[in-house]
Amino acid sequence: MNHRRSFLATAALGTLAAATAPYIHAIGFEPIPGGGKHELPPLPYEFGALEPHIDAQTMQIHHDKHHLAYVNGLNKAEEELAKSRISGDYSLVQHWSRQAAFHGGGHWLHSMFWKVMAPAGKGGGGEPTGRLAAAIAESFGSFDAFKKQFSAAAVAVEGSGWALLHYRPDDERLIVLQAENQQKLSAWGTTPILGIDVWEHAYYLKYQNKRADYVTAWWNVVNWAQVEKNLESISKK
Ligand code: MN3
């Protein structure tokens, strides 16, 4: 028993060390205890893979510039909060907490966004099947009713933001929410499993002010198998 406990403690420390090891601080500060440096995940397909629904140039700028900026912004916010813990100067804690929420939300949502899309006809488009289809029918009445509500939510986001399909473990329901920017209008205790980015940077080069056309086209690249994986990874059943 003691041997096992000590093994577990050693394993936990090993994990911590592995997490802190890649954290190389640009300004020579101490590594954040227990925290790693966030990194831009690679796109799971080529920039042009979602054509003609989402153009290659938009995907390249969106991933390489916008998502990278959220990763850098999150790292910066966490570095500044770590400096505060050492210096005891929390005069800018509100600013850096807000930055951590905004950039952390952006990093998380974009990491999900790339994965819930796939080339049309090659994993993208169609309708959900299996457990996800059943959960959507149970929560919204039908797939069509869900699609209409989700599309309407996406088109109606005020300014920049997202429409998101969340799983709520408390009652095992799926719900549609909007997010303004990356995190405003969030509910507690729910996790997005599908989302569409409706910031103008996600569609303006190809669709200009016609967000509804982008939303309609986007359904052709939804990777339902990934959405079902997301549901299965967080639900109890
Ligand atoms: Mn975006």
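Which side chain makes a polar contact of 2.9 Å with the side chain of aspartate 197? The side chain of histidine 110 does. The notes below start from the whole chain and work back to that pair. Please keep in mind that this is a predicted model.

1. **Overall layout.** The protein chain has eight helices and three strands. Read from the N terminus, the order is α-α-α-α-α-β-β-β-α-α-α. The chain has 237 residues, and buried residues make up 41% of them. Take the contacts with a separation of 6 or more: residues 24 or more positions apart account for 69% of these.

2. **The metal site.** A manganese ion has four named protein donors: His62 (NE2), His110 (NE2), Asp197 (OD) and His201 (NE2). They lie 1.9 to 2.2 Å from the ion. Along the sequence, the donor residues follow the spacing H-x47-H-x86-D-x3-H. One pair shows how distant parts of the chain are linked: histidine 62 sits in helix α2 (residues 56-87) and aspartate 197 in strand β3 (residues 191-197), 135 residues apart. Both histidine 62 and aspartate 197 are buried.

3. **Aspartate 197 up close.** This residue belongs to strand β3. Its side chain is joined to that of histidine 62 by a polar contact of 2.8 Å. A polar contact with the side chain of histidine 110, at 2.9 Å, answers the opening question. Leaving aside residues up to four places away in sequence, aspartate 197 touches His62, His110, Phe113, Gly161, Trp162, Ala202 and Tyr214.

4. **A buried charge without a salt bridge.** Aspartate 197 is buried, yet has no salt bridge. Which side chain of opposite charge is nearest to aspartate 197? Arginine 211 is, at 8.4 Å. A salt bridge needs the two charged groups within 4 Å, so arginine 211 at 8.4 Å does not form one with aspartate 197.

5. **Helix α3.** Does the length fit the residue count, or how far apart should the ends be? What span should the 23 residues of α3 have at 1.5 Å a residue? The expected value is 33 Å, and the end C-alpha atoms are 33 Å apart, which agrees. The buried residues of α3 include Trp96, Phe102, His103, His107, His110 and Phe113. Among the elements covering the buried residues of α3 are α2, β1 (161-168), β3, α7 (211-218) and α8 (224-234).

6. **Tyrosine 90.** Look next at the loop between α2 and α3 (93-115), where tyrosine 90 lies. Is tyrosine 90 buried or partly exposed? Tyrosine 90 is partly exposed, because its relative accessible area is 41%. Tyrosine 90 touches Ser84 and Arg85, not counting residues up to four places away in sequence. From tyrosine 90 to glutamate 80 is ten residues in sequence and 9.7 Å in space, C-alpha to C-alpha.

7. **Backbone points to check.** The peptide bond from glutamate 51 to proline 52 is cis, with omega near 0 degrees. Proline 52 is in the loop between α1 (2-20) and α2. Glutamate 172 is not a glycine, but has a positive phi of about 55 degrees. Glutamate 172 lies in the loop between β1 and β2 (173-180) and is partly exposed, at 31% relative accessible area. Asparagine 181, also not a glycine, has a positive phi near 55 degrees. Asparagine 181 is in the loop between β2 and β3 and is partly exposed, at 23%.

Note on methods: Residues are numbered from 1 along each chain as its sequence is written. This is a predicted model: local features need pLDDT of at least 70, side-chain atom pairs count only at pLDDT 80 or more; totals for chains, interfaces and linings use all residues. Side-chain values use heavy atoms; hydrogens and water are left out. Donors are N, O and S atoms within 2.8 Å of the metal (3.2 Å for Na, K and Ca); water is not among the atoms, so sites may look incomplete. Helices (H or I, at least four residues) and strands (E, at least two) are DSSP runs, numbered from the N terminus. Buried means under 20% relative accessible area, exposed over 50%, partly exposed in between (1.4 Å probe, protein chains only). Contact means heavy atoms within 4.5 Å. Lys and Arg count as positive and Asp and Glu as negative; His and the chain ends are not counted. A polar contact is a pair of N or O atoms within 3.5 Å; within protein, one must be able to donate a hydrogen and the other to accept it, and residues adjacent in sequence count only if both atoms are side-chain atoms. The expected span of a helix is 1.5 Å times one less than its number of residues.
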